[in-house]
Amino acid sequence: MTQKPKPLHSIKVDGPIPAHLARSVIEETLRAAILDGRLPCGTAVRQQDLADLFGVSRMPVREALRQLEAQGLLSVVAHKGAVVAPLIQGDATETYELRILLETEALRQSIPLLTESDHQRAAGYIEELETEHNYTEMGRLNRLFHMALYCKASNGRLLRLVEDGLNEEERFLRFNLEAMGLGKLSQDDHRALLQAVKERDVEHALHLLEQHLNRGVEVITRYLASTSGQTRKANR
Ligand code: NI
């Protein structure tokens, strides 16, 4: 390989960015590029390159990178700086199991406080998912659906952890749907879950959520088993 690909070139910046929006514009732009695969795993994202690209100082770039790191989309590697994180980390199964604990607790806190309009919002995302075929968009809608159910959790810190986990999953889900065709299955889960939430049947809802998220653990386990051979070959 003589030519190095320059994935940052796939990012388009329209005009100057107002200073007060810089961090969020950079964060959202990079997030989208990581989620839709324009910035592949292992791509180094250098602060100065990004500052030049967006025409801003390094300060908002650094803040945006920190956010993306908290969401598991970037990881910091010694001597290399921030790189796009692997799609699935070695400890992905453990991460997922931890998410089940956090999300069921958030749901438990939230159910009694959810209003009719929260239920309608969640139902709206299920409807949108029904006709959406773009995997990136489906990942986003899945996150919004889940957050709509957890949004009234009283522990704000728990809710932020849950959201970071969902952001991390969003990227995996895109691939997951593509590779495993889990779309329809997830929708049945989502409908049953929303029904239990509406009925304020906390125990049943927690059980359904756990089952739903456990399917993710199974898919990851199967994926890791099926690709470990291929990855070794590619790294040779
Ligand atoms: Ni889901």
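The following exercises, each with a worked solution, concern salt bridges and one loop residue in a predicted model.

Residues are numbered from 1 along each chain as its sequence is written. In this predicted model, local features need pLDDT of at least 70, side-chain atom pairs count only at pLDDT 80 or more, and totals for chains, interfaces and linings use all residues, while side-chain values use heavy atoms, with hydrogens and water left out.

**Exercise 1.** State how many salt bridges a search of the whole structure finds.

*Solution.* Begin with the principle: side chains of opposite charge can pair when their charged atoms come close. The criterion for a salt bridge is a side-chain nitrogen of Lys or Arg within 4 Å of a carboxyl oxygen of Asp or Glu. With this criterion, the search of the whole structure yields eleven salt bridges.

**Exercise 2.** Describe the pairing of E27 with R23 and the surroundings of each residue.

*Solution.* Step 1: the closest N and O atoms of this salt bridge are 2.5 Å apart. Step 2: both residues lie in helix 1 (residues 22–35), four residues apart, so about one helical turn separates them. Helices (H or I, at least four residues) are DSSP runs, numbered from the N terminus. Step 3: E27 is buried at 8% relative accessibility, whereas R23 is partly exposed at 30%. Here buried means under 20% relative accessible area, exposed over 50%, and partly exposed in between (1.4 Å probe, protein chains only).

**Exercise 3.** Examine the salt bridge between R108 and E105 in the same manner.

*Solution.* Step 1: the N to O distance is 2.8 Å. Step 2: R108 and E105 are three residues apart in helix 4 (residues 92–110), which means that about one helical turn separates them. Step 3: R108 is partly exposed at 41%, and E105 is partly exposed at 26%. Elsewhere, D118, R121 and K152 are joined into one network by salt bridges that share partners.

**Exercise 4.** Give the N to O distance between R46 and D49, and classify both residues by accessibility.

*Solution.* Step 1: their side chains form a salt bridge at 3.7 Å, N to O. Step 2: R46 has a relative accessible area of 47% and is partly exposed. D49, at 34%, is also partly exposed.

**Exercise 5.** Locate E199 and describe its contact with Q195.

*Solution.* Step 1: E199 is in the loop between helix 8 (183–198) and helix 9 (202–234). Step 2: at 53% relative accessibility, E199 is exposed. Step 3: its side chain makes a polar contact with the side chain of Q195 at 2.8 Å. A polar contact is a pair of N or O atoms within 3.5 Å; within protein, one must be able to donate a hydrogen and the other to accept it, and residues adjacent in sequence count only if both atoms are side-chain atoms. Step 4: E199 and I111 are 88 residues apart in sequence and 9.4 Å apart in space, C-alpha to C-alpha.

Conventions:
Helices (H or I, at least four residues) and strands (E, at least two) are DSSP runs, numbered from the N terminus.
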